[in-house]
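Welcome, and please have your viewer ready. We will go from one selection to the next and look at what is there.

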Amino acid sequence: MRTLTRRFVLLAAMIAPLGAYGVNAHNSPQGGPQGNPLAWPAGTIKLIVPYPPGGSTDVIARLVQPCLQQRLGTTVIIENRAGASGSVGTATVAKSPPDGGTWLLVFDNHAANPFVLPDLPYDTEKDLDPVLFIGTAPYVVSTQAQKPFKSLADVIAAAKAKPGAVSYASVGSGSIGHLAMALLSKQAGVRLVHVPYRGGGPAMNDAVAGHVDLLVGSTALSIPQIQVGTIRAVVQTGSARTPALGAVPTVAESGFPGFAANAWWGLFAPAGTLKAIGERFGAEVTACVREERVAKQLTETQQVSLVLGGPEELRKFLADQMRVWGAVAREQDIKAD
């Protein structure tokens with residue numbers, strides 16, 4: 001059993017009477033009995049983003065940071081610890097003391113990493129405790145505006161007419177976008193050529209230039225270029241159409257019932273973190289996400305469908321994602337770069 005630190009004991013004593021999500025987040029940190037502060041213990045909080053600056057996960061962290069600092073009454077530091085598809089930063093959190101001082105904000109490849117990365121230095125389900133299921137967004141399959149693909153049926157017909165002639169870019173081997181296209185290719189009975197890139201920027205540049213036929217990318221990456229007309233959306237992968245792409249059908253609507261692949265974001269803590277600590281922190285992040293400025297940025301610019309579900313909802317969702325994408329990775333022997 002891990003040794004309880006003084007910080008952990010102080011935090012447990014402070015939070016225990018507050019209960020679960022019943023904490024009155026609107027009153028924190030000023031809302032204790034008779035106005036006594038409910039400030040977080042002295043010292044900084046680290047919010048680990050296991051990806052480079054500028055990505056969607058980093059954006060979410062920086063949007064909520066000022067609000068969290070105000071509500072918790074302490075400094076919140078965002079640390080970008082990128083590497084190995086997010087596993088470097090994730091391992092840091094998995095090995096951190098469960099005292100409320102370190103938290104992890106992950107993207108969807110968190111669910112695929114156990115199957116596409118060899119020798120992962122942590123157990124995804126055992127070494128991290130779910131805290132908050134923030135939300136989801138579909139992927140978009142797009143093409144350069146001058147290319148002939150207007151629908152998923154066009155793509156499949158071209159791939160069947162010339163096997164191996166249609167290419168698609170993704171943000172990297174073993175990413176959810178890659179796994180989704182691999183699954184779709186199998187279900188459609190075609191072979192699409194995967195061209196992996198190291199990030200969305202380079203992949204988008206080559207899609208706009210026409211060097212690849214298709215791009216599978218997040219809504220945040222794709223919609224700005226769709227709006228200016230440099231690329232055209234072909235199909236989206238969510239279970240329902242996202243509002244910004246209301247005229248673009250889903251894969252499920254295009255002849256593949258039940259198909260769904262979503263980007264998603266979740267908050268985790270080191271395993272063994274006191275339940276009330278996780279609930280308090282999750283409640284505060286939820287309150288920050290619900291602020292008008294933050295919610296508008298996420299739902300309109302990033303096209304995130306906010307879930308704001310608790311630990312059990314995130315645990316169940318993660319297990320389902322691992323089941324689906326683990327099967328694809330194993331069946332098609334897909335590994336990360």
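Start by selecting Phe281, which is buried, with a relative accessible area of 1% (buried means under 20%, exposed over 50%, partly exposed in between, with a 1.4 Å probe and protein chains only). Before moving on, note that this is a predicted model, where local features need pLDDT of at least 70 and side-chain atom pairs count only at pLDDT 80 or more, while totals for chains, interfaces and linings use all residues. Residues are numbered from 1 along each chain as its sequence is written, and side-chain values use heavy atoms, with hydrogens and water left out.

Now add Trp103, also buried, at a relative accessible area of 0%. The structure holds four aromatic pairs (rings of Phe, Tyr and Trp, the last by its six-membered ring, pair if their centres lie within 6.5 Å; planes under 30 degrees apart count as stacked, over 60 as edge-to-face and the rest as tilted). The rings of Trp103 and Phe281 have centres 4.0 Å apart and planes at 10 degrees, so this pair is stacked. Trp103 sits in strand β3 (residues 102-106) and Phe281 in helix α9 (residues 275-289), 178 residues apart. Helices (H or I, at least four residues) and strands (E, at least two) are DSSP runs, numbered from the N terminus.

Next, select Trp264 and Phe317, which are both buried. Their ring centres are 5.4 Å apart and their planes stand at 85 degrees, so the pair is edge-to-face. Trp264 belongs to strand β9 (residues 262-270) and Phe317 to helix α11 (residues 311-331), so the pair ties together parts 53 residues apart in sequence. Add Phe133 to see one aromatic cluster with Trp264 and Phe317.

Move to helix α6 (residues 176-188), where 11 of the 13 residues are buried, among them His178, Met181 and Ser185. Just after α6 comes Gly189, with a positive phi near 70 degrees.

Finally, show helices α2 (residues 56-72) and α10 (residues 292-301), whose axes come within 10 Å and cross at roughly 170 degrees. Axes are lines fitted to C-alpha atoms, for helices over the stretch in contact, and angles run from 0 to 180 degrees between N-to-C directions. That makes α2 roughly antiparallel to α10 (over 145 degrees; under 35 is roughly parallel, 65 to 115 roughly perpendicular and the rest oblique). Val59, Ile60, Leu63 and Val64 of α2 meet Arg293, Val294, Gln297 and Leu298 of α10, contact meaning heavy atoms within 4.5 Å.
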